[in-house]
Amino acid sequence: WGRAAPQPPGLPLALRRAFSNDKILVELDESSGVATMKFKSPPVNSLSLDFLTEFCISLEKLENNRACRGIIFTSAVPKIFSSGLDITEMCGKSTEHYAEFWRAVQEMWLRLYGSNMVTVAAVNGSSPAGGCLLALSSDYRIMVENPKFSIGLNEAQLGIVAPFWFKDTFVNVVGHRVAERSLQLGSLHPAPEALKFGLVDELVAEEKLQEKAAAVMAQWLALPDHARQLTKSMMRKAVLDRLVAHREEDIQNFISFISKESIQKSLRMYMEMLKKKK
Amino acid sequence: WGRAAPQPPGLPLALRRAFSNDKILVELDESSGVATMKFKSPPVNSLSLDFLTEFCISLEKLENNRACRGIIFTSAVPKIFSSGLDITEMCGKSTEHYAEFWRAVQEMWLRLYGSNMVTVAAVNGSSPAGGCLLALSSDYRIMVENPKFSIGLNEAQLGIVAPFWFKDTFVNVVGHRVAERSLQLGSLHPAPEALKFGLVDELVAEEKLQEKAAAVMAQWLALPDHARQLTKSMMRKAVLDRLVAHREEDIQNFISFISKESIQKSLRMYMEMLKKKK
Amino acid sequence: WGRAAPQPPGLPLALRRAFSNDKILVELDESSGVATMKFKSPPVNSLSLDFLTEFCISLEKLENNRACRGIIFTSAVPKIFSSGLDITEMCGKSTEHYAEFWRAVQEMWLRLYGSNMVTVAAVNGSSPAGGCLLALSSDYRIMVENPKFSIGLNEAQLGIVAPFWFKDTFVNVVGHRVAERSLQLGSLHPAPEALKFGLVDELVAEEKLQEKAAAVMAQWLALPDHARQLTKSMMRKAVLDRLVAHREEDIQNFISFISKESIQKSLRMYMEMLKKKK
């Protein structure tokens, strides 16, 4: 499924040791082979079309850089890892826009879940919906042990349904029963509960997070790349193939669902509520 | 798979707020949208053809009643939730009877596991075999914390085999390993063990059961119906589809298995043993 | 998939109460119906072509002996259950040899995972790679509670990849998430961790191991054979069928992978390291 990410014309693709665009800061430590991708798109690192495009380009660059073997994902915005898909992209836009946006969401997941590199999510804030998917698609999840930070696929709370490949990824991490209950309730699990359900692999104090992520990464990088990559692919292939086989259908489903007036209305109400919260 | 339940001719189908037939008492609280189905078929709420028919009709009425959004299943018979399939229906009867009975068992599961409503099993007594399936097919299971009450798919103890869709439902709740071991041993798990294995979601004192079931129901009903229903269907569709695709074959398998003289003999012996127990 | 095991010409196949060949001691207690297969191939009970052939022949004899209903696997070599596939069989040999060896590995698993008998692994030592598969393929795993003994599919540590049917067997026991992480890291889990992850079912003191294995076996044999066997087959059939459908392809994959100079080199280095350890 290695089709290229959608690339905005004119964007410079030359490799630099560190490059910063608008929304993601990428730092590569060539001595360890570990890159850090820091999400810096305030207020809540929402996954807009621009963010997703930049994410895919950054990921592709690192995949193609032989000096890079692993990536740590973390947030530069306090208290939030990522708030998930940007609702403004799904509200009051054209069918063409919905299609472009959804294709970018798919692309992000296909590239991340299928990445050959070791991927560690250092979850230093809340991580609902698409933010949770980002963490679930990594190889390992470390979360700050703050019970005010929560994580989960809470789409049902907004009156929408997580796509089947969000669900497949979730089931692969927490099993069928936990996924069924959590998805139906649209649960956001506080960090300690997320650990209990296996949604994250461990909790650490905030000040220890980067150190711990580096230690976990070193442990995973101690393995020979080739055998680890083939093993990862063996574990994830069935679920990746399912989206690849139904990609256009999934886009059409998204468009027809999101275009419903009832769904548009609940998204508008949700956005109003968010604005008042500020 | 929305085919209609087998409906005995002449049975009145008019909607009433509360209706009681022989074996199940249905109470609908229109203010909360929650119905309670109380099994009242002494001595052990066994799933006879009559019970199953009444169950399907009651369920269908509630599905079609827009005032109803959720159902709590519980027993009006002390110490037993349901003893499972009625063995007298499987012993010394005609091939036609076996076919009719098995189709009713399938229908019960297809309607319950695929129900659009929120379903909560308030398990206030032991729940072997088909009784366990009833609980497993609900969205949430609360059991009285009495270690004398047990639950499990114990078919193997009787020399029979749980059908593949009992197994699929079980695996979806407890995972492959627990299911493999429990099914092979025909285990009946005392309530505390059932909680440990995830066979039930929580235990409460008997006097708190209905209150707890109502609280859980309220939590699930807080979600928008449409998103919750689509999510539930996404989680359960693969397993439901499997029976729908093999329904007639499954009936033939049941008939040829149950018609074996060796199986008939062990069922007769089991019934003799039960009679002596009284 | 009941094709016969490869049988060396001239080997006596007559049934004896106890028979000992070179590598496995089989003792059958006809009063209980329980056989014990003791691996006695020092220094580490590695799964050579000879060992696998003897294993399959012994298993087949017991399957065909109506006096035998269950088998306990254990080691007669201190501190090691089995070290897994014999690396000398995979190093510097002909394509024909690789094919013959891999077919024997497949045969071992097909016969063991699909065995009609109750199989209990009494793991009295470390059990990496193929040794772990042997335990995973049994119905129940008891391990000595010595944290110096470890168990796991550690292929990735050697730069090789566990075949898909090792993976399927592993996932059936520990679930997708634990399997994904453990396989990618090539983890060898000390006994207490193996228990925590469900890789083994219980731990006992070394001097209690045989007694415990006998007690577990008696519990499983209390069930009627026919229902238990059909249930076991229902649980394992999908995964068994997958190898049967891809058996020749899997052999070709193994040959082309193992024939690579880079793989041969790492296996040679690993063997050198093992020799120096002595």
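**Notebook: chain A and its copies**

I started with the fold of chain A, which has 10 helices and 12 strands. Worth jotting down right away: this is a predicted model.

Next I checked how chain A packs. Its radius of gyration is 18 Å, close to the 19 Å that the globule rule gives for 278 residues, so chain A is as compact as a globular protein of that length. I also looked up the extent of the C-alpha trace of chain A along its principal axes, and got about 55 × 45 × 40 Å.

Then burial. I found that 58% of the 278 residues in chain A are buried. For contacts in chain A, I took pairs at least 6 apart in sequence, and 75% of these join residues at least 24 apart.

On to the surface and the charges. Chain A has an accessible surface of about 11400 Å², and carbon and sulfur atoms account for 54% of that. I counted 34 positive and 31 negative charges in chain A, with their mean positions 2 Å apart.

Last, the copies. How does chain C relate to chain A? Turning by 120° with 0.0 Å of shift along the axis puts chain C on chain A, at an RMSD of 0.0 Å. That is the relation of a three-fold axis. The C-alpha of chain C nearest the axis belongs to Gly175(C), 4.3 Å away from it.

I ran chain B too: a turn of 120° and a shift of 0.0 Å along the axis lay chain B on chain A, with an RMSD of 0.0 Å. Which residue of chain B comes closest to the rotation axis? Gly175(B) does, with its C-alpha at 4.2 Å.

Conventions:
Residues numbered from 1 in each chain as written. Chains lettered and ligands numbered in written order. Predicted model: local features only at pLDDT ≥ 70, side-chain atom pairs only at ≥ 80, totals over all residues. Heavy atoms only, no water. Least-squares fit on C-alpha atoms with pLDDT ≥ 70 in both. Helix = DSSP H or I, 4+ residues; strand = E, 2+ residues; numbered from the N terminus. Rg over C-alpha atoms; globule rule 2.2 N^0.38 Å. Buried < 20%, exposed > 50% of the residue type's maximum accessible area, 1.4 Å probe, protein only. Contact = heavy atoms within 4.5 Å. Areas by Shrake-Rupley, 256 points an atom, 1.4 Å probe, with all protein chains shown as cover. Lys, Arg positive; Asp, Glu negative; His and termini not counted. Charge placed at Lys NZ, Arg CZ, Asp CG, Glu CD.
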